[in-house]
Every structure is written in C-alpha cells, then in structure tokens.
Amino acid sequence: MVATPRPLIAGNWKMNGLKSAGPREAKKLATRMGKVAKPQCDVLICPPATLLAPLRDALKGSRIAIGGQDCHGNASGAHTGDISAAMLKDSGCRYVIIGHSERRADHGESSQEVRVKADAAQAAGLTAIICVGETAAERKAGQTLKVVGKQLTASLAKGCTAKNTVVAYEPVWAIGTGLTPTVDDVRQVHGFIRARLRRRFRDDGAAMRLLYGGSVKGSNAEELMAVDNVNGALVGGASLTTADFWPIVATCI
Ligand code: PEP
C-alpha cells in the first residue's frame, strides 16, 4: 500500500517581482510557516531567475523551498539567455517547473523537448514539475483526456520517480482567467493521470504528487484540494503576495 503523497503548494511568480519587494514578501510567508508546529505540506516559490539568489538568502533556514521556472536540456554550452538545471541547483533550487503552457505557447516547446528538460533536471538532482493541460478548443472538442494522455506519455522521462517528478494538471483555459473546471472534471482528469502514472511507473506512479493549477485562490482552494488525487496546487497570480497565498497554503497545512 503506497502512502498518500504529501501535498505541495507551489507558487509560480512568472515574470513578476523585483528585489525591492520579492524577498520581503517571501520572508512574510516564511514567518507564517514558521509559526506552524508541524506543517503537513511542502511549500515552494518559483521566482524569476533574477530573484533566485535574493530569495535563497531571504528564506535561509525557513521551510520554503525555491525553484526555477524552466531549464535548458543541456548541462552547459552556447545557449544565450538559457539556464541549465545544474545552475538552478547551484542557486539553491530544489525544483524546476517544466513545460508550463506559457512556455509551450510562447516558445513552441514540444513534449519531446519537455522530456529532455525533465531528464536534465533529474540528472542535476532537481525535482521536475511537469505541466500538462488542454486548451479551451481541445476541451470543447471533447479531447481533454486524449491531449493530456499524449502530453504525459511524451513529456515524462523514463527515469521518473515519485521523488524526482511532480505532475501539474493545468487546463490552459483556466490559467490566469478566473475560470476553473468543476470539481468533477478535476476528479476525472486527475484520476485518469493517476491511472496512467501507476501503469507506467508502478508504485512511483501511485506516490507521485499530482498538482492542480489554474486560477486557484483562497476562495476555491479548499474544495479543489479535497478532490481525489489532488496533492497540492500550482498557483500563479495568487502566489505573488502572502495575503493571497497563505489561505491556499493553509488548506493543506
Ligand atoms: C500558473 O501559472 O501555473 C497558474 C496556474 O496561474 P494562475 O494561478 O494565475 O491561473
């Protein structure tokens, strides 16, 4: 019998945050976490690369981990503007988000590239948070499970384990829109992903954390976090301030 995965609440700051306020905000969150005797979930902030070092320093000795928002598939080399997984690790990261729909859309990242990046992340000792999710058109066409299944198969590397991989289901149409799927829809997709993971990775697939992402906020977090096979959240907009993020963390604490 595989134990229920420990929830992870991950904040994706995207291209937001400056040194003047970011570390202070992260410290506020760490202070709130510090007051909890025995937290029942892990908490992560993925700031822009420019804030990794300031956040690492601000969060030293706290319970909040930091992560990158992307990494290159190669360990080093002539790739102007890119960051390798080893560099993220060297900057204090424990996690990296890979294959976020904004990267898939803005940078044309394919699931095959996502898999190469996931491999690189795992080789560097990072936990890869691999994002999958359908567009509004795909949902309307009844293709959700087909699309998500295809992305899963192609994006997850052979060596995925419950320790080095987290899967985030993020319907593209729910990101930053204020729209969310129904609880039943989330249950169906997460159940489908769990079955796929179990079939491919056995016990590791059963123990892998499965996050829901897309317009999670304090007002809907509790019902979303209570859905079967939802083991936490990937949060964009509502992770930028402790005032908005803490109520989400608190649902799992
Ligand atoms: C995200 O960027 O992964 C996300 C889920 O954003 P939001 O919470 O703002 O919808």
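In this predicted model, eight strands close into a barrel, following the order β1-β2-β3-β4-β5-β6-β7-β8 with parallel pairing. From one strand to the next, the twist averages 25°. As background, strands of a sheet pair through backbone hydrogen bonds, and this pairing can be either parallel or antiparallel.

One pair of neighbours shows the arrangement in detail: strand β2, which spans residues 42–46, and strand β3, which spans residues 64–68, pair in the parallel sense over three bridges, and Leu-44 stands opposite Ala-65 in β3.

Helices pack against these strands. Helix α1 lies across β2 and β3, while helix α10 packs on the sheet and touches β1, β2 and β8. The table gives the direction of each helix relative to one strand.

| Helix | Residues | Strand compared | Angle |
|---|---|---|---|
| α1 | 22–34 | β2 | about 180° |
| α10 | 242–250 | β1 | about 160° |

Which residues of helix α9 are buried? In this helix, made up of residues 218–225, the buried residues are Asn-220, Ala-221, Leu-224 and Met-225. They lie on the same side of α9 because they cover an arc of only 125° around the axis. This fits a general rule: an α-helix has 3.6 residues a turn, so residues three or four places apart point the same way. The face of α9 turned away from the buried side carries the exposed residues Ser-219 and Glu-222. As for what covers the buried residues of α9, the elements include the strands β1, β7 (209–213) and β8, together with the helices α8 (183–207) and α10.

Definitions and conventions. Residues are numbered from 1 along each chain as its sequence is written. This is a predicted model: local features need pLDDT of at least 70, side-chain atom pairs count only at pLDDT 80 or more; totals for chains, interfaces and linings use all residues. Side-chain values use heavy atoms; hydrogens and water are left out. Two strands pair if DSSP finds at least two bridges between them. Helices (H or I, at least four residues) and strands (E, at least two) are DSSP runs, numbered from the N terminus. Axes are lines fitted to C-alpha atoms, for helices over the stretch in contact, and angles run from 0 to 180 degrees between N-to-C directions. Contact means heavy atoms within 4.5 Å. Buried means under 20% relative accessible area, exposed over 50%, partly exposed in between (1.4 Å probe, protein chains only). The arc is that of the directions from the helix axis to the C-beta atoms.
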